[in-house]
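Subject: Structure for you to look at

Dear colleague,

Here is the structure I promised to hand over, and I would be glad if you opened it before reading on. My notes on what was found follow below.

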Protein chains: 2
Amino acid sequence: MSVLIVGSVAFDTIETPFERRERVLGGSCTYSAIAASLFTDVSIVAVVGEDFKEEHFKILTDKKIDTSGVKREKGKSFFWEGRYHMDMNLRDTIKTELNVFENFEPVISDEHREKEFLFLANIDPVLQMKVLDSMKRLKFSLCDTMNLWIEIKKKELIQVFKRVDCVVLNDFEVRQFSGVPNLILGAREIRKLGPKYVIIKKGEHGATLIGPEGLYFSIPSYPVENVIDPTGAGDSFAGAFIGFLAKEKNIDERNLKKAIVYGNVVASYTVEGFGIDRLYNINMNDINNRINSIKKCVEF
Amino acid sequence: MSVLIVGSVAFDTIETPFERRERVLGGSCTYSAIAASLFTDVSIVAVVGEDFKEEHFKILTDKKIDTSGVKREKGKSFFWEGRYHMDMNLRDTIKTELNVFENFEPVISDEHREKEFLFLANIDPVLQMKVLDSMKRLKFSLCDTMNLWIEIKKKELIQVFKRVDCVVLNDFEVRQFSGVPNLILGAREIRKLGPKYVIIKKGEHGATLIGPEGLYFSIPSYPVENVIDPTGAGDSFAGAFIGFLAKEKNIDERNLKKAIVYGNVVASYTVEGFGIDRLYNINMNDINNRINSIKKCVEF
């Protein structure tokens with residue numbers, strides 16, 4: 001089955017302690033769609049500006065990503081500039097220019113309304129809700145967000161959480177949203193709002209899945225030694241997670257766990273390159289090698 | 001085989017967001033010895049003051065811990081006071097009174113010199129080295145430390161690291177010691193100094209073992225929902241780790257991995273009670289239950 005992803009397509013200027021690159025292709029939609037495309041067909045809904053050229057569309061369509069839902073508007077694309085610390089778990093946002101993204105109103109075509117797997121990447125929860133309202137035969141919906149929306153639109157976000165099957169947050173967001181310092185308890189609090197599953201992304205510490213009947217699955221990250229650029233790790237994780245599920249079709253515990261590991265592994269590749277560079281060039285062989293490594297990492 | 005532990009026996013005043021207790025029995029030696037005693041015979045070498053009474057000795061000897069190496073001196077025992085934040089991963093030290101610990105000179109008896117398993121709990125690396133010099137037939141030595149020694153006695157600490165088989169550090173200490181933000185790389189840097197194995201304790205995120213030939217083992221923590229008091233978690237981990245190894249005798253990869261999981265599980269009990277309360281009252285049944293749970297947590 002195929003996946004619909006709604007989020008941002010952007011140009012990012014990224015500075016790490018080792019390198020700086022200007023205006024590389026980025027955005028939550030871009031990373032998650034490329035990751036999901038490793039497993040299944042993907043359609044995206046996003047908005048771009050006039051600086052988004054044919055060559056950029058081609059990057060996506062070469063991965064068989066359906067870009068019919070990408071609206072090209074007058075003005076510039078969403079732009080983000082960030083600088084990573086020596087400890088690349090930390091970064092500062094230098095600049096955010098919403099540009100055409102400021103008036104983004106996702107329009108879901110008749111064809112896209114029929115999709116059964118949906119990833120609501122990080123956008124305004126009001127828009128996430130509109131997308132949910134448009135969908136006709138959802139089988140599984142996954143929702144991401146960010147600290148900004150938890151701060152200024154928590155009420156709207158709670159409404160979205162009530163409607164989706166799974167929420168994916170990083171450890172800071174779980175604590176921020178729930179107000180509970182203990183991550184497991186915090187995730188359980190969020191589950192009480194509605195979503196059957198909560199995924200905690202913990203960066204270098206791996207990922208945890210919390211679900212019904214005490215479901216607790218936790219897996220370390222693949223031990224990446226050479227982190228080049230952490231941008232897009234979380235979105236790659238989410239894209240691979242839902243892409244794998246859509247391929248498998250059955251949403252059972254076993255597949256959810258495997259999807260977490262696939263998400264983990266794909267993200268481990270993403271951070272080994274600048275922007276989408278490494279993610280763009282991996283294949284299922286690469287992925288399966290690391291899946292097996294992770295299996296060994298936790299065997300005792 | 002039996003284990004020798006050299007470290008501190010102390011009285012702790014602990015304040016958590018939920019409770020405050022004055023002068024409960026604590027110290028690295030106490031926690032690690034009780035944890036190790038779940039698996040094998042334990043002897044400890046430490047110093048206490050006149051406030052350390054028969055009843056306190058009895059707490060240890062009731063666990064069949066050999067306290068013949070505990071010297072009782074004029075003055076007061078080591079005293080520590082700490083206060084945990086609402087997020088109990090964080091704590092402030094309110095007071096540290098070294099008292100009799102200030103002039104601690106571990107004396108290793110002829111009997112203790114024959115021990116094959118040694119845990120050097122967190123004390124001045126100069127003293128750790130003296131202990132190492134005393135030992136006659138070491139099969140496996142484990143060494144802990146703290147941020148203070150990394151700051152003020154790094155050279156001495158490096159000498160100790162050169163001599164031991166395994167170093168156990170928390171994630172902050174790995175970064176502080178190695179100066180490398182990436183934990184895996186940092187641990188590998190530390191291995192280059194000599195120790196065959198480095199264990200990274202990551203609190204709620206579990207523990208990781210780094211060893212020769214790319215050995216990387218990482219396991220999440222047992223999902224404790226009700227953390228009462230985190231004091232002693234790291235020492236319980238180390239004690240259970242070396243206790244298990246001493247019981248198994250063979251230091252192979254399989255046993256090292258299992259020892260990590262046993263350490264993890266014992267520490268998960270420790271934090272569920274105040275001071276040594278919960279740790280003191282668990283048995284192998286309790287432990288094996290959680291070992292099985294963790295096995296399931298990582299199965300995919």
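Two residues are said to be in contact if their C-beta atoms, placed from the backbone, lie within 7 Å. Please keep in mind throughout that this is a predicted model.

With that meaning of contact, 26 residues of chain A touch 26 residues of chain B. On the chain A side, helix H8 (183–192), strand E13 (216–219) and helix H10 (253–270) each supply at least two of the residues that touch chain B, and the largest share, 4 residues, comes from E13(A). Sorted by class, the residues on this side of chain A are 16 nonpolar, 4 polar and 6 charged.

As for how the two chains are arranged, a rotation of 180° with 0.0 Å of shift along its axis superposes chain A on chain B, with an RMSD of 0.0 Å, and the two copies are therefore related as by a two-fold rotation axis. Both copies use the same surface, since 100% of the contact residues of chain A recur in chain B.

Within chain B, I also looked at a pair of helices. The axes of helix H9 (residues 233–248) of chain B and helix H10 (residues 253–270) of chain B come within 7 Å and cross at roughly 140°, which means that H9(B) is oblique to H10(B). The crossing of H9(B) past H10(B) is right-handed. Among the residues of H9(B) that take part are Phe237(B), Phe241(B) and Phe244(B), while those of H10(B) include Ile260(B), Tyr262(B) and Val266(B); by class, this contact has 12 nonpolar, 5 polar and 2 charged residues.

With best wishes

Methods:
Residues numbered from 1 in each chain as written. Chains lettered and ligands numbered in written order. Predicted model: local features only at pLDDT ≥ 70, side-chain atom pairs only at ≥ 80, totals over all residues. Axes fitted to C-alpha atoms, helices over the stretch in contact; angles between N-to-C directions. Parallel < 35°, antiparallel > 145°, perpendicular 65-115°, else oblique. Left-handed = near helix turned anticlockwise from the far one by under 90°. Nonpolar A, V, L, I, M, F, W, Y, C, P; charged D, E, K, R; others polar. Least-squares fit on C-alpha atoms with pLDDT ≥ 70 in both.
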